[in-house]
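Q: I would like to learn how to read the features of a structure from its coordinates. Where should one start?

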Amino acid sequence: MSCKNISWEELDKYKDYNVTSVPLMAAADHLGQACKDANDRYMLCRNDTGADPRQCLKEGQLVTNCTKQFMDKVYQECQMPLARYTTCLDLNGRKHAMCRATQVEFDKCMLEKTGISREFTWYQDKQIPPMQTWPEAFREFASDFKNVLKH
């Protein structure tokens, strides 16, 4: 199906997942890990098609479906810790710093029931020291690139 000239009726077939922003915010780090592949595919599609979201509806639907499955699992496994955490966020202007106790409880439940921990570093494969300058980083990149080309 070509999505360039998609009709509103066709677009209406793709239903969103009905969940408010607070539970998504509370579970965002865990959700990012659980749906990493679907999110990566969607973002690659958006990048490859010039950021036209209509051409990536299937990939977007995969993200929605993954989110729905993940949140359903969270509601089954960690409903009360999530409810306490989201209530705290709601009552405190969505400031995570005010809700660390309920966040820790939710994180513990997620680790025990789903195996997903909040601590992760998949955004970068290689840590760059904070005081490293651009010329140093570029020299390191260039040497890594030359080594790749040798093989």
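The turns below go from the overall fold to one helix, then to the disulfides and two single residues.

A: Start with the kind of model. This one is predicted. Then take the secondary structure and the totals.

Q: How many helices and strands are there in the protein?

A: The protein has eight helices and zero strands. Written along the sequence, the pattern is α-α-α-α-α-α-α-α.

Q: What do the totals say about burial, surface and contacts?

A: Of the 151 residues in the protein, 30% are buried. The exposed area is about 10,900 Å², and carbon and sulfur atoms supply 56% of that area. For contacts, consider pairs of residues at least 6 apart in sequence: 65% of these contacts join residues at least 24 apart.

Q: How is the length of a helix checked, taking helix α4 as the case?

A: The expected span follows from a rise of 1.5 Å a residue, applied to one less than the number of residues. Helix α4 covers residues 36-48, which is 13 residues, so the span should be 18 Å. The C-alpha atoms at the ends of α4 are 18 Å apart, in agreement with that value.

Q: Which residues of α4 are buried?

A: Buried here means under 20% relative accessible area. In α4 the buried residues are A38, Y42 and C45. Because they cover an arc of only 65° around the axis, they are on the same side of α4.

Q: What do the buried residues of α4 pack against, and which exposed residues does the face turned away carry?

A: The buried residues of α4 pack against α5, residues 57-77. The face turned away from the buried side carries the exposed residues D37, M43, L44, N47 and D48.

Q: What backbone feature is found just after α4?

A: G50, just after α4, has a positive phi of about 75°.

Q: How are disulfides found, and how many does the whole structure hold?

A: The test is on distance: two cysteine sulfur atoms must lie within 2.5 Å. A search of the whole structure gives four disulfides. If the bonded cysteines are numbered in sequence order, the pairing reads 1-4, 2-3, 5-8, 6-7.

Q: Which parts does the disulfide of C35 and C66 tie together?

A: The sulfur atoms of C35 and C66 are 2.1 Å apart. The angle about the S-S bond is -100°, a left-handed link. C35 is in the loop between α3 (28-34) and α4, while C66 is in helix α5, so the pair ties together parts that are 31 residues apart in sequence. Both C35 and C66 are buried.

Q: What can be said of the link between C78 and C109?

A: C78 and C109 are joined by a disulfide with an S to S distance of 2.1 Å. This link is left-handed as well, with -95° about the S-S bond. C78 is in the loop between α5 and α6 (79-91) and C109 in helix α7 (residues 100-114), so this pair ties together parts that are 31 residues apart in sequence. C78 counts as buried because its relative accessibility is 0%. C109 is buried too, at a relative accessible area of 9%.

Q: Where do C88 and C99 lie?

A: A disulfide joins C88 to C99, with 2.2 Å from S to S. The value about the S-S bond is -95°, which makes the link left-handed. C88 is in helix α6 and C99 in the loop between α6 and α7, so the pair ties together parts that are eleven residues apart in sequence. Both cysteines, C88 and C99, are buried.

Q: How is a single residue read, for instance D107: is D107 buried or exposed?

A: Take its place, its accessibility and its contacts in turn. D107 is in helix α7. D107 is buried, because its relative accessible area is 14%. Leaving out residues up to four places away in sequence, D107 touches H30 and R118. The side chains of D107 and R118 are joined by a polar contact of 2.8 Å. The C-alpha atoms of D107 and Y85 are 9.9 Å apart, and these residues are 22 residues apart along the chain.

Q: Which residues does T86 touch?

A: T86 is in helix α6. Its relative accessible area is 12%, so T86 is buried. With residues up to four places away in sequence not counted, T86 touches V22, P23 and A26.

Conventions
Residues are numbered from 1 along each chain as its sequence is written. This is a predicted model: local features need pLDDT of at least 70, side-chain atom pairs count only at pLDDT 80 or more; totals for chains, interfaces and linings use all residues. Side-chain values use heavy atoms; hydrogens and water are left out. Helices (H or I, at least four residues) and strands (E, at least two) are DSSP runs, numbered from the N terminus. Buried means under 20% relative accessible area, exposed over 50%, partly exposed in between (1.4 Å probe, protein chains only). The arc is that of the directions from the helix axis to the C-beta atoms. Contact means heavy atoms within 4.5 Å. A polar contact is a pair of N or O atoms within 3.5 Å; within protein, one must be able to donate a hydrogen and the other to accept it, and residues adjacent in sequence count only if both atoms are side-chain atoms. Accessible areas come from the Shrake-Rupley method with a 1.4 Å probe; for residues, only the protein chains shown count as cover.
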